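Thanks for making time this morning. I would like to walk through one model with you, starting with a small question and then working from the charged pairs towards the interior.

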Amino acid sequence: MRLYLCLCACLAALLGAPTAAMAQAAASAPAAAASAVVNQPQRRWMAVPRVSGRLTARDLGLVINTADPYSVAVGEYYIDKRGIPPEQVLRLELPVKPVLSATEFELLAAQVREHMGPQVQALAMAWNQPWAVECNSITSALTLGFQPDACKQTCSPNRPSGYFNGASSRPYTELGLRPSMLLATRSVESAKALIDRGVASDGQLGRRGGPPAKAVFISTQDRARNVRSVLFPPEGLISARGIEVDLRQASETTQLRRVILMQTGVSRVDVLDNLQWLPGALADHLTSYGGQLLGSHGQMSVLDWLESGATASFGTVSEPCNHLQKFPHPQVLLLHYLQGETALEAYWKSVAWPAQGVFVGEPLAAPFAR
């Protein structure tokens, strides 16, 4: 495992600058700043743009692999539960294996481009493999294009995403990209439960008067993977949004209830049996190979979050080192989700350099939607 302490020199800009300035800052060359992890950070809320609108089933294209029984069963269930328009469903035959070659991927991408009309703003793919195109994630390759240069040195910076911390709710119309997510779990039964949680989540949170949902950010003693803790938000209750930010150490073992977001940095998470998830919950852990979904590499797969009851997650498919820009920014993720955006939008907008990261879960879950 090769995770280096390479915090971004533009950390202050990532914490405070909005939209275009943040995307520009995220593209800056990384520099060592290990002292920022050692010293207790001064936490403050960052700026994100005001968002109006969100993606719905009318905006989503669905891709089903007819060579994969899992894909067929999960895809048909998703069509039924979310009401995906028939003309926005693409059925094709694809190799059922973890990693596609660039040539195999281009055949897939060409069929998606040809089939999906201009009304399709985002994509869901109903399978749990393939999850990568060489060293790229398949979700990034379909959204931003395959980036072969990333495979020359996977620890190098990646191409910045123009969707990062953006205000757009029409990404294909306005930016020419379709953010994508895998409907992936380990079984058809788990996938159906995942979809049901996403559907059940819509519009259920963010009201005054009820018990708050919890956004939990866990610091660990894993120095290389804990670098993201400097971006955690201030602790406390946000009554207007019906959410409480809970900062804690990995050594704390009290049961966590009503969790809607959890982030940490560690190779394996030990608290999964001690969590009560709300429908629509997001969860991820900063580590090297969480995005190798069905792999046996000694690190926890992001599918474990979904199997425990979360609704969406993110992990990298090749060694990224610990550039903060390659992982979901805690505040960007939380603040976009709180504005009513879908899991797909909030997760995609939280990652500045997404080439190596795979987005997994129920794309349209929107617990804070109005």
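Is Lys 152 buried or exposed? This is a predicted model, so what I say rests on computed coordinates. Lys 152 counts as exposed, because its relative accessibility is 70%, and the cut-off for that class is over 50%. Its salt-bridge partner is Asp 149, with the closest N and O atoms 3.3 Å apart, and Asp 149 likewise counts as exposed, at 53% relative accessibility. Elsewhere, Lys 214, Glu 244, Asp 246 and Arg 248 are joined into one network by salt bridges that share partners.

Before going further with charges, a word about confidence. The protein chain has an average pLDDT of 90, and 89% of the residues score at least 70. The stretch to be careful with is residues 1–38, where pLDDT stays under 50, although the model has 97 contacts beyond four places in sequence for that stretch. Where pLDDT is low, the predicted coordinates should not be read in detail, and I will leave those contacts aside.

Back to the charged pairs, then. The search of the whole structure finds 13 salt bridges, and I have picked out two more. One of them is between the side chains of Asp 59 and Arg 170, at 2.6 Å from N to O. Asp 59 sits in the loop between helix H3 and strand E1, while Arg 170 sits in the loop between helices H6 and H7, so this pair ties together parts that are 111 residues apart in sequence. Asp 59 is buried, with a relative accessible area of 8%, whereas Arg 170 is partly exposed at 28%.

The other is formed by Asp 202 and Arg 82, again with 2.6 Å between the closest N and O atoms. This pair, too, links distant parts of the chain, 120 residues apart, with Asp 202 in the loop between helix H8 and strand E8 and Arg 82 in helix H4. Here Asp 202 is partly exposed, at 24% relative accessible area, and Arg 82 counts as buried, at 14%.

Let me turn to the chain as a whole. Its secondary structure comes to 11 helices and 14 strands, and of its 370 residues, 61% count as buried. If we take contacts between residues at least 6 apart in sequence, 77% of them join residues at least 24 apart. The chain exposes about 13,400 Å², and carbon and sulfur atoms supply 50% of that area.

What about the interior? In soluble globular proteins, nonpolar side chains tend to be buried together. In this model the largest nonpolar core has 107 residues, and those touching the most other members are Leu 62, Leu 108, Leu 182, Ile 260, Met 262 and Trp 305. Leu 182 makes a useful example, since I can list some of its neighbours: leaving out residues up to four places away in sequence, it touches, among others, Met 125, Trp 127, Trp 131, Leu 293, Phe 359 and Val 360.

Val 360 brings me to the last element, because it is the bridge partner, in strand E14, of Ser 313. Strands E13 and E14 pair in the antiparallel sense over 5 bridges. In E13, Ala 312, Phe 314 and Thr 316 point one way and Ser 313 and Gly 315 the other way, and all are buried.

Notes
Residues numbered from 1 in each chain as written. Predicted model: local features only at pLDDT ≥ 70, side-chain atom pairs only at ≥ 80, totals over all residues. Heavy atoms only, no water. Core = buried A, V, L, I, M, F, W, Y, C linked by side-chain atoms within 4.5 Å. Buried < 20%, exposed > 50% of the residue type's maximum accessible area, 1.4 Å probe, protein only. Contact = heavy atoms within 4.5 Å. pLDDT = per-residue confidence, 0-100. Helix = DSSP H or I, 4+ residues; strand = E, 2+ residues; numbered from the N terminus. Pairing = 2+ DSSP bridges. Areas by Shrake-Rupley, 256 points an atom, 1.4 Å probe, with all protein chains shown as cover. Salt bridge = Lys/Arg side-chain N within 4 Å of Asp/Glu carboxyl O.
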